[in-house]
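Dear colleague,

Please find below the structure that I am passing on to you. My notes on it follow directly after.

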2 protein chains.
Amino acid sequence: MGNKKFSRLPGHIGVIPDGNRRWALINGMQKQDGYHKGLDPGLMLYEMCLELGIPELTFYGFTQDNTKRPPVQVKAFQNACTEAVNMLSNRDASLLVVGDHSSPFFPPELVEYTTRKTFGRGLMRINFLVNYGWKWDLRRIFDQGGNVTGKRGDVLKQVASSDVSRIDLIIRWGGRRRLSGFLPVQTIYSDIYVVDDLWPDFRPGHFYEALEWYQVQDVTLGG
Amino acid sequence: MGNKKFSRLPGHIGVIPDGNRRWALINGMQKQDGYHKGLDPGLMLYEMCLELGIPELTFYGFTQDNTKRPPVQVKAFQNACTEAVNMLSNRDASLLVVGDHSSPFFPPELVEYTTRKTFGRGLMRINFLVNYGWKWDLRRIFDQGGNVTGKRGDVLKQVASSDVSRIDLIIRWGGRRRLSGFLPVQTIYSDIYVVDDLWPDFRPGHFYEALEWYQVQDVTLGG
């Protein structure tokens, strides 16, 4: 895998790891049993990005919308996210958890990561969305408007997720062709690649195919 | 075409009519000559939506990002948008133009449409984005935050494009898999269908294929 060459790589990749519940049902399990199966793929993807020198990686963990699901599922994805962040915290990475931590749905163990923490050589910026909500994110713009000293300038600097940079490439597993509230400001110009396979069926080939597709897209930023 | 049956239709379709300049070059014309070729497809699409009873249709006309292009191109897409709105104003439709009309890039003839105008039986809501900018749209949230009587509630009601409803299905012509700043709040949960053909090569089959795909997508709104 170290031999792969790309003419142009994304500076920031967003990952929507969808399809855990569908995978569980297909494999004769309960829906909530699918989330744990997403941990190994996440770690594999991190390793592949590190090897390629991708500077920033953002995982769509769970959202405030998702917390309306049955409690047994909520507990399962909370645990999987907590475990994922703990796994990544022992690597060379600068880690940030983004989400509404004033809510009981936010895992208390992850509060310490809501300001960016650097581990090892901090080689890669990794952002993990946990109890994230697009309304929660955008509402910060409104709150800052109430501050008379606030600046009208850059919207990207005014969202709650302002420490997450613009995303170049989104890879969504599980076949759905939508953003589902994933960082609306940072994904404005993102190229979106959809993998039909479910996230627990992750293969390195999915990732390389996405990068091969990405390298031949033009970048216009709307111009 | 009146015989097409769908089990589920979108309530609001967003159209990204991309590829006019590429079409012009392929057909031996200057880039700016492509925009005029987008008028007939737009009218055809309107007729098809009317026949199916689609309640709302939004066209991505041009953006503030686009106005950085060479003046001859800017003039061409300004003219094409003005002509498109004039064509639709003689139909059964309730028409709204959304964009920054405080700018010299906004065609003066269209200012009257920045409050919704109803023609004939007003059978369909049509929105046309003209000199639209995602930052311009979101910045209104910030401005309303400065108003101490403002409500923190629904972000959708606070954007400059608040009279445009949530979009169910986006159809993008021209092969690019991105949103390019298209109504970030209304497209949060949209299903995105990409047609590889360029917009001036529009065929009714593109539209029906998008609707056939859409009817088998599940709608979760992030839940």
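With which residue does Asp218(A) form a salt bridge, and how far apart are the closest N and O atoms? The partner is Arg178(B), and the closest N and O atoms of the two are 3.3 Å apart. This pair crosses between the chains: Asp218(A) belongs to the segment after helix H5 (204-215) of chain A, whereas Arg178(B) sits in the loop between strand S6 (169-173) and strand S7 (191-195) of chain B. Asp218(A) is partly exposed, at a relative accessible area of 27%, while Arg178(B), at 4%, counts as buried. Please bear in mind throughout that this is a predicted model.

Arg178(B) has a further partner in chain A. Its side chain meets that of Asp191(A) in a salt bridge, at 2.9 Å from N to O. Between chain A and chain B the count is six salt bridges, and 18 residue pairs are in polar contact across the two chains.

**The interface between chain A and chain B**

The contact involves 41 residues of chain A and 41 residues of chain B. The area buried between the two chains is about 3700 Å², and carbon and sulfur atoms give 54% of it. On the side of chain A, the residues that lose the most area to chain B are Phe142(A), Arg177(A) and Arg178(A), which together account for 21% of what that side buries.

As for the polar part, 18 residue pairs are in polar contact between the chains. Two elements of chain A give two or more residues to the side that touches chain B, namely helix H4 (134-145) and strand S7 (191-195). The largest share, nine residues, comes from H4(A). Sorted by class, this side of chain A has 13 nonpolar, 15 polar and 13 charged residues.

**The relation of the two chains**

A turn of 180° with a shift of 0.0 Å along the axis lays chain A on chain B, with an RMSD of 0.0 Å. That is the relation of a two-fold axis. The interface residues of chain A are, to 100%, also interface residues in chain B, so the copies meet through the same surface.

**Salt bridges and their network**

Over all chains, the count comes to 32 salt bridges. Two of those within chain B may serve as examples.

In one of them, the side chains of Asp18(B) and Arg172(B) meet at 3.1 Å, N to O. This pair links distant parts of the chain, 154 residues apart: Asp18(B) is in the loop between strand S1 (12-17) and helix H1 (20-26) of chain B, and Arg172(B) is in strand S6 of chain B. Arg172(B) counts as buried, at 4% relative accessibility.

In the other, Glu112(B) pairs with Lys117(B), the closest N and O atoms being 2.6 Å apart. Both residues of this pair are partly exposed: Glu112(B) has a relative accessibility of 42%, and Lys117(B) has a relative accessible area of 27%.

Salt bridges that share partners also form a network, which joins Asp18(A), Arg22(A), Arg172(A), Arg176(A) and Arg178(A) with Asp191(B) and Asp218(B). Two of its members deserve a closer description.

Arg172(A) is found in strand S6 of chain A and is buried, with a relative accessible area of 5%. Its side chain makes a polar contact of 3.1 Å with the side chain of Asp18(A). Beyond its neighbours within four places in sequence, Arg172(A) is in contact with residues including Ile16(A), Arg178(A), Leu179(A), Tyr193(A) and Val195(A).

Asp191(B) lies in strand S7 of chain B. At a relative accessible area of 2%, Asp191(B) is buried. The side chain of Asp191(B) makes a polar contact with the side chain of Arg178(A), at 2.9 Å. Leaving aside neighbours within four places in sequence, the residues in contact with Asp191(B) include Arg177(A) and Arg178(A) from chain A, and Asp168(B), Ile170(B), Trp213(B) and Asp218(B) from chain B.

With kind regards

Methods
Residues are numbered from 1 along each chain as its sequence is written. Chains are lettered from A and ligands numbered from 1 in the order in which they are written. This is a predicted model: local features need pLDDT of at least 70, side-chain atom pairs count only at pLDDT 80 or more; totals for chains, interfaces and linings use all residues. Side-chain values use heavy atoms; hydrogens and water are left out. Contact means heavy atoms within 4.5 Å. Buried area is the accessible area (1.4 Å probe) that two parts lose on being put together, summed over both. A salt bridge is a side-chain nitrogen of Lys or Arg within 4 Å of a carboxyl oxygen of Asp or Glu. A polar contact is a pair of N or O atoms within 3.5 Å; within protein, one must be able to donate a hydrogen and the other to accept it, and residues adjacent in sequence count only if both atoms are side-chain atoms. Helices (H or I, at least four residues) and strands (E, at least two) are DSSP runs, numbered from the N terminus. Ala, Val, Leu, Ile, Met, Phe, Trp, Tyr, Cys and Pro count as nonpolar, Asp, Glu, Lys and Arg as charged, and the others, Gly among them, as polar. Copies are superposed by least squares on the C-alpha atoms of residues with pLDDT of at least 70 in both. Buried means under 20% relative accessible area, exposed over 50%, partly exposed in between (1.4 Å probe, protein chains only).
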